[in-house]
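This report describes how two parts of one protein chain meet. Please look at the model first, and then read on.

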Amino acid sequence: MPSPLVEHWTLDPSVVFLNHGSFGACPRAVLEAQTEWRARMERQPVQFLWRDLPDLLDAAREKLADFLKADPDDLVFVANATAGVNAVVRSLHLSPGDELLTTDHDYNACRNVLAEAATRAGAKVVVAKVPFPLRDETQIIEAILSAVTPRTRLAMIDHITSPTALVFPITKIIRALEAHGIDTLVDGAHAPGAVPLHLGLLRPAYYTGNLHKWVCAPKGAAFLWARPDRQDALRPAIVSHGENTRRPGRSPFHDRFDWPGTLDPTAWLSVPAAIQWGGSLFPGGWEELRDRNRHLASSARALLAGRLNQTLPCPNELLASMATLLLPTALQQPPLDAGRFDPIQVRLHAEHGVEAPVVRWGEPKRRYVRFSAQAYNCTEDYRTLGEAILRLSNGQHPR
Ligand SMILES: Cc1ncc(COP(=O)(O)O)c(C=O)c1O
């Protein structure tokens, strides 16, 4: 029985969709809100983009700030977490020999940003190896701290890791790095809507997060939060009018980021609708939605681990609404370097109608499957995934 909540989405019913984690999926109600914004923009584009947009953005930013428990002054919209990471890292003034710290659970695009900045400055990227499987969060903190040196200038730390779906103990990591005088850029691409956030208390140097994943906003909605003492030195990934054109009553930080050239800002403007919609799906609001997704991810992982005869790689407390499991030995072939889309992932989709990312991770690289849990998913979806994996690993053809 599919979840009755699936009707809130426009998802293709012929696909078992277990990859909310990559790009999210925007509910009908939020798409409708975006359509209304678009209609208004196209009725009078100059009125909308020149005269109305600044106040509309401020209003959307306020709602987002409430949701993130942050001060709106410290918050700007960006198109995606990649843009947030680019802004922070490319604003650093690095010297030869400086070190940028990350972990081996980071996201390739963001690692590339570090590598590019390091190459330009003669600096280097240091990769902390966080064990996986792991017993508890102390191993994560220890691995990160053991890679710190007097040359560490910035640590880019994921809040929820992409390949392994681990929720890092981000508060403890930020405070431990602060004690060494190191700024943390939190890559929170997966965190908003998946775990509770209180940015006003968390207070890293920088935090970027996507809203098109677990907040279910339209694609192109993300944010960058910066501590007040770091805002003046920050430049957006795209430099535009705000660099020398000040608006009365607004900060240089907002001026620089609010207008990244002409674009469709309706994803940003639809963020309040997404926050409102997600909070009204269950009587317990966002907390209930997050808890349901977390429990579904954990129970799905137990079900799949049993079916695939795999051990659990981390305790349930380190999971939010996604989980990762090693694929059976038979699926560790064919070779792991066969292109951007893993052939097992391609076959899961093409032969079994299951959309779930197959991640190649670790040293040596091994194949893992990552599965997401969103309100439209049900236990049956994970049974289908388990049977599809078993059939592929037994060399059987689809039913
Ligand atoms: C940890 C992490 N960081 C950054 C990103 C990049 O997100 P985007 O493509 O929206 O910029 C992702 C995407 O899945 C991610 O998982």
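The centres of domain 1 and domain 2, taken over C-alpha atoms, are 26 Å apart. In this chain, domain 1 covers 4-27 + 284-393 and domain 2 covers 30-277; these bounds come from an automatic or database domain assignment. The model is predicted: local features need pLDDT of at least 70, side-chain atom pairs count only at pLDDT 80 or more, and totals for chains, interfaces and linings use all residues. Residues are numbered from 1 along each chain as its sequence is written, and side-chain values use heavy atoms, with hydrogens and water left out.

The table gives the residues in contact, that is, with heavy atoms within 4.5 Å.

| Domain | Residues in the contact |
|---|---|
| Domain 1 | 31 residues |
| Domain 2 | 37 residues |

About 2,800 Å² is buried between domain 1 and domain 2, and carbon and sulfur atoms give 66% of that area. Buried area is the accessible area (1.4 Å probe) that two parts lose on being put together, summed over both. Within domain 1, the residues that lose the most area to domain 2 are Trp286, Leu318 and Trp361, which together make up 26% of what that side buries.

How many salt bridges are there between domain 1 and domain 2? The count is 0, where a salt bridge is a side-chain nitrogen of Lys or Arg within 4 Å of a carboxyl oxygen of Asp or Glu.
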